[in-house]
Amino acid sequence: MDAQLPPLTVFILPGGGAPAAALHMSRAVCRRSERCVVPLVEAGDCPAEVGVYLNRLSDYFFVAARYAAASAGHAEERRGDDKAGPATGQV
């Protein structure tokens, strides 16, 4: 999926239709879970691999959301460069 998307050089805002929005929400929940696991890992109550897994899972949700938005023909709303605004990312 990632190879079929334009490279990211700036921050993008979540969006891109209902499927992409659901994937962005999944990523947010995953990131929250990851933050909750960090103290458990530091205390030795949880294997470090759990944190690594949640981190990779949130990355997957991000790429999947970008892919879903691009597949549906939605433009990414980019922030952080001189040309801030919609940028198409056709797949």
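These questions and answers walk through a predicted model of one protein chain.

Trainee: How many helices and strands are in the protein chain, and in what order do the elements run?
Mentor: The chain holds two helices and three strands. Read them from the N terminus on. The order is β-α-α-β-β.

Trainee: Which element of the protein chain has the lowest confidence, and which has the highest?
Mentor: Start with the whole chain: its mean pLDDT is 88, and 87% of its residues reach 70 or more. Where pLDDT is low, the predicted coordinates should not be read in detail. The lowest confidence, a mean of 51, falls in strand 3, residues 85-87. The highest, at 97, belongs to helix 1.

Trainee: What share of the residues of the protein chain counts as buried?
Mentor: The chain has 91 residues. Its accessible surface comes to about 5800 Å², and carbon and sulfur atoms hold 60% of that. The buried share of the residues is 30%.

Trainee: What percentage of the contacts with a separation of 6 or more joins residues 24 or more positions apart?
Mentor: Take the contacts in the protein chain with a separation of 6 or more. Pick out those between residues 24 or more positions apart. They account for 65%.

Trainee: Why does Ser 58 count as buried?
Mentor: Ser 58 lies in helix 2, residues 48-71. Beyond its sequence neighbours up to four places away, Ser 58 touches Arg 27, Cys 30, Arg 31 and Glu 34. Buried means under 20% relative accessible area. Ser 58 counts as buried because its relative accessibility is 0%.

Trainee: Ala 20 and Ala 21 are in helix 1. Is Ala 20 buried or exposed, and how does Ala 21 count?
Mentor: The cut-off for buried is under 20%, and for exposed over 50%. Ala 20 has 0% relative accessibility, so Ala 20 is buried. Ala 21 has 33%, so Ala 21 counts as partly exposed.

Trainee: Which residues does Ala 20 touch, not counting residues up to four places away in sequence?
Mentor: Look along the chain for a distant partner: Ala 20 and Tyr 67 are 47 residues apart, yet their C-alpha atoms are separated by 7.9 Å. The touching residues are Gly 15, Ala 65, Ala 68 and Ala 69.

Trainee: How far apart in space are Ala 21 and Arg 66, C-alpha to C-alpha?
Mentor: In sequence, 45 residues separate Ala 21 from Arg 66. In space, the C-alpha to C-alpha distance is 9.6 Å.

Trainee: Where is Gly 16, and what separates its C-alpha atom from that of Glu 76?
Mentor: Gly 16 sits in the loop between strand 1 and helix 1. At 18% relative accessibility, Gly 16 counts as buried. Gly 16 touches Ala 69 and His 74, leaving out residues up to four places away in sequence. Glu 76 is 60 residues away along the chain, and the C-alpha separation is 7.0 Å.

Trainee: Which element gives the largest share of the lining of the largest pocket?
Mentor: The largest pocket has about 160 Å³ of space. Strand 1 (11-13) and helix 1 (18-42) are the elements that give two or more residues to its lining. The largest share, three residues, comes from helix 1.

Trainee: How do the lining residues of the largest pocket divide into nonpolar, polar and charged?
Mentor: The lining is Phe 11, Ile 12, Pro 14, His 24, Arg 27, Ala 28 and Phe 62. Sorted by type, these residues are five nonpolar, one polar and one charged.

Technical notes
Residues are numbered from 1 along each chain as its sequence is written. This is a predicted model: local features need pLDDT of at least 70, side-chain atom pairs count only at pLDDT 80 or more; totals for chains, interfaces and linings use all residues. Side-chain values use heavy atoms; hydrogens and water are left out. On a 1 Å grid over the protein atoms alone, a cavity is a set of points where a 1.4 Å probe fits but cannot get out, and a pocket is an open set with protein on both sides within 12 Å along at least five of seven lines; lining residues have an atom within 4 Å of a point. Grid points are joined across faces, edges and corners, and a volume is the space filled by probe spheres set on the points. Helices (H or I, at least four residues) and strands (E, at least two) are DSSP runs, numbered from the N terminus. Ala, Val, Leu, Ile, Met, Phe, Trp, Tyr, Cys and Pro count as nonpolar, Asp, Glu, Lys and Arg as charged, and the others, Gly among them, as polar. pLDDT is the predictor's confidence in each residue, from 0 to 100. Buried means under 20% relative accessible area, exposed over 50%, partly exposed in between (1.4 Å probe, protein chains only). Contact means heavy atoms within 4.5 Å. Accessible areas come from the Shrake-Rupley method with a 1.4 Å probe; for residues, only the protein chains shown count as cover.
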